[in-house]
Amino acid sequence: MSIDSFQKQAKDVAEKAQELIESVEVLVTEGTQMAMTTAAEYSGPSPLVIGLTVFVLAVFVGYHVVWRVTPALHSPLMAVTNAISSVIIVGALIAAGPADLGFSEFMGFLAVTLASVNIFGGFIVSQRMLSMFKKKK
């Protein structure tokens, strides 16, 4: 093998290596862009799905907790429910607060209304139950 042919083969190999390096650089750039685009498009589960999941779980837990309450514990449970409703009112007032009318403001107003009914109705029921235990004159 002559030196000229060896140099020619080495030059061809170097050119092919350079072409491969350029191809790898293009592939890496395209792969990085694709990965970044895919990562930007995926934002995790929808907030609606998360909210519905929490709501369904809360319904099941609440049902089973209330179903197993003995009659003797009904009055304390009502008092705690009234306290929880007052916290709901604070959050609903914050949601209903902005001036522009939208879905969240309407739902906040609805929450304020229903929680108010729950609070006042619970206090009336608790007062009537406590009056049953007073001695009659």
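pLDDT is the predictor's confidence in each residue, on a scale from 0 to 100. The structure described here is a predicted model, and its chain has an average pLDDT of 78. A score of at least 70 is reached by 91% of the residues. Confidence varies between the elements of the chain: the highest mean pLDDT, 87, belongs to helix H2 (residues 47-67), whereas helix H3 (residues 74-96) has the lowest, at 72. Where pLDDT is low, the predicted coordinates should not be read in detail.

The secondary structure consists of four helices and zero strands, which gives the pattern α-α-α-α along the sequence. With respect to overall dimensions, the radius of gyration of the chain is 35 Å, against a value near 14 Å for a compact globule of 137 residues. Along the principal axes, the C-alpha atoms occupy a box of roughly 130 × 40 × 15 Å.

Burial and contacts were examined next. Of the 137 residues in the chain, 9% are buried, that is, under 20% relative accessible area. Contacts between residues at least 6 apart in sequence were also classified by separation, and 55% of them join residues at least 24 apart.

The surface was considered in terms of area and charge. The exposed area of the chain is about 11800 Å², of which 73% is supplied by carbon and sulfur atoms. The side chains include 9 positive and 10 negative ones. The centre of the positive set lies 47 Å from the centre of the negative set.

How values were computed. Residues are numbered from 1 along each chain as its sequence is written. This is a predicted model: local features need pLDDT of at least 70, side-chain atom pairs count only at pLDDT 80 or more; totals for chains, interfaces and linings use all residues. Side-chain values use heavy atoms; hydrogens and water are left out. Helices (H or I, at least four residues) and strands (E, at least two) are DSSP runs, numbered from the N terminus. The radius of gyration is taken over C-alpha atoms; the globule rule is 2.2 Å times the number of residues to the power 0.38. Buried means under 20% relative accessible area, exposed over 50%, partly exposed in between (1.4 Å probe, protein chains only). Contact means heavy atoms within 4.5 Å. Accessible areas come from the Shrake-Rupley method with a 1.4 Å probe; for residues, only the protein chains shown count as cover. Lys and Arg count as positive and Asp and Glu as negative; His and the chain ends are not counted. The place of a charge is taken as NZ of Lys, CZ of Arg, CG of Asp or CD of Glu.
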